Amino acid sequence: MKFSAQYTCPSNIAIVKYWGKYGNQLPKNTSISFTLTNAVSNTKITIEPSESRSIKFSFEGKEKESFLPKIENFFNKISGHIDFLNNHHFIIESSNSFPHSSGIASSASGMAAMAMCLCDIESQMKGTPIDMNKASVMARLGSGSACRSLFPKLALWGNHPDYMKSSNEYAVPVSNDVHSVFDTYHDDILIVSSNEKSVSSTAGHALMDGNPYAEARYEQANNHISKLKGILKNGDVHEFGVLAELEAMTLHALMMCSQPSYVLLEPNTLKVISAIRSFREDTKLPIYFTLDAGPNIHILYPDNIALQVQDFINKDLMIYSPQQLIIQDKVGMGPQKIG
Ligand code: DP6
């Protein structure tokens, strides 16, 4: 029999960062992220019985054989979780809402979308509900941060004493005791460079193994999770922003003091950071930033100051984006079933 499932799955932006892993893609510290709305992968998987596994993959309407090794690798990693992977033909059609030239990584949204489609097909075959823990485990095996993209608003990944249901194997939603201001958060991603990264995230994680500050960093991150739990409850947007910036700067400091050392920030990244900090100093508005493993700036702010912030971005920050590209995103609801 033929089965199919189609989902959009968002990207996410970590506030406390996952940086360093062990074993089978398990995190060295707990991380927490906002699930986004607009930066999504839209993926449809159709399967039909076949003697052995075969895959046809197309991206934005064009067949892409070059992606097949990555997908085969993903399927091999999740083969213990899904039992129809070796006797079906898979037609996978995917696209992203954000431009390829934006330099935004699609691994989190892409892997999360594939995991959701496969779990949905399994639930159709077996007549059972979708197991979100399992979907998150599978997304994690594709790309660590992807496991957090499956839940609305905020998701936490990694065992932590403050979160009873937390696990290193999968992410869990963070919904209790969260102040409503965090439902309104914007994440405007200013693209200062879309060049390919000189060091991938996977290689960056591996360099943490020899980093002399690694253990102190894991402890700091776990303390930040506890601190953030209090902030999420009390809604202090300034404390929230201070912590987000410290996490971003720590991530990049860890890269700079890896052996070999590397820098992913661009001169324009530093100019934008400086402009945001001056604007904040002058206006006292709660506008802060975070960074991924790349040079682009994620500008974080609550909706009640959106007009002032957007005016500031247009007047003072767009000059630092050679492509004049900003991706306006906000906290979102997680995967949506399309078909
Ligand atoms: C800096 O999840 O992309 O964005 O597990 O090797 O696929 P792999 O790495 P990835 O690392 C993301 C690192 C980060 C921080 C975060 O999202 O928590």
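Let's start at the ligand: helix 4 (residues 201-207) supplies the largest share of the shell around it, three residues. Keep in mind as you look around that this is a predicted model. The shell has 16 residues, and those that come nearest to the ligand are Tyr-18, Lys-21, Ser-143, Ser-145 and Arg-148. Sorted by class, the shell is made up of seven polar, five nonpolar and four charged residues.

Now for the polar side chains that meet the ligand. Ser-143 has a side-chain N or O atom 2.7 Å from an oxygen atom of the ligand. For the side chain of His-205, the distance from an N or O atom to a ligand oxygen is 3.0 Å. Asp-292 brings a polar side-chain atom to 3.1 Å from an oxygen atom of the ligand. On its own, the ligand has 460 Å² of accessible area, and the protein covers 92% of that.

Arg-148 is a good place to step from the ligand into the protein. It is one of the residues that come nearest to the ligand, and its side chain also makes a polar contact of 2.9 Å with the side chain of Ser-33. Ser-33 sits in strand 4 (residues 31-49). Is Ser-33 buried or exposed? Its relative accessibility is 0%, so it counts as buried. The side chain of Ser-33 has a polar contact with the side chain of Asn-12 too, at 3.5 Å. Beyond its sequence neighbours up to four places away, Ser-33 touches Asn-12, Ile-13, Ala-14 and Ile-15, and then Arg-148, Lys-153, Leu-154 and Ala-155.

Ile-15 gives us a route onward, as it is also in contact with Leu-300. Leu-300 belongs to strand 12, and it counts as buried because its relative accessible area is 1%, under the 20% cut-off. What else does Leu-300 touch, leaving aside neighbours within four places in sequence? Its contacts include Tyr-185, His-186 and Asp-187, along with Phe-240 and Ala-244. Pro-286, Ile-287, Tyr-288, Phe-289 and Thr-290 are in contact with Leu-300 as well. Take Thr-290: 10 residues separate it from Leu-300 in sequence, and their C-alpha atoms are 7.3 Å apart in space.

Strand 12 (297-301) also packs against the buried residues of helix 8, as do strand 10 (186-190), helix 7 (267-283) and strand 13 (326-330). Which residues of helix 8 (residues 306-317) are buried? They are Ala-306, Val-309, Phe-312, Ile-313 and Leu-317. These residues lie on the same side of helix 8, because they cover an arc of only 130 degrees around its axis. The spacing follows a familiar rule: an α-helix has 3.6 residues a turn, so residues three or four places apart point the same way. Turn to the face of helix 8 that points away from the buried side, and you find the exposed residues Leu-307, Asn-314 and Lys-315.

Helix 1 (residues 68-77) can be read in a similar way, with Ile-71, Phe-74 and Phe-75 buried. Looking down the axis of helix 1, you see its buried residues fall within an arc of 100 degrees, so they line one face of the helix. Among the elements that cover these buried residues are two strands, strand 5 (54-59) and strand 7 (88-96), and two helices, helix 2 (107-126) and helix 3 (132-142).

Finally, a few loops deserve a look at the backbone. In the loop between helix 6 (237-256) and helix 7 you'll find Pro-260, and the peptide bond leading into it from Gln-259 is cis, with omega near 0 degrees. Gln-259 is 47 residues from Pro-212 in sequence, yet their C-alpha atoms are 9.6 Å apart in space. Pro-212 itself is in the loop between helix 4 and helix 5 (214-234), and at 64% relative accessibility it counts as exposed.

Two other loop residues have a positive phi although neither is a glycine. For Asp-177, phi is about 60 degrees; this residue is in the loop between strand 9 (171-173) and strand 10. For Lys-284, phi is about 65 degrees, and its loop runs between helix 7 and strand 11 (288-291). Are these two residues buried or exposed? Asp-177 counts as exposed because its relative accessibility is 53%, and Lys-284, at 54%, counts as exposed too.

Conventions:
Residues numbered from 1 in each chain as written. Predicted model: local features only at pLDDT ≥ 70, side-chain atom pairs only at ≥ 80, totals over all residues. Heavy atoms only, no water. Near = heavy atom within 4 Å. Polar contact = N/O pair within 3.5 Å; in protein donor to acceptor, adjacent residues only side chain to side chain. Areas by Shrake-Rupley, 256 points an atom, 1.4 Å probe, with all protein chains shown as cover. Helix = DSSP H or I, 4+ residues; strand = E, 2+ residues; numbered from the N terminus. Nonpolar A, V, L, I, M, F, W, Y, C, P; charged D, E, K, R; others polar. Buried < 20%, exposed > 50% of the residue type's maximum accessible area, 1.4 Å probe, protein only. Contact = heavy atoms within 4.5 Å. Arc of directions from axis to C-beta.
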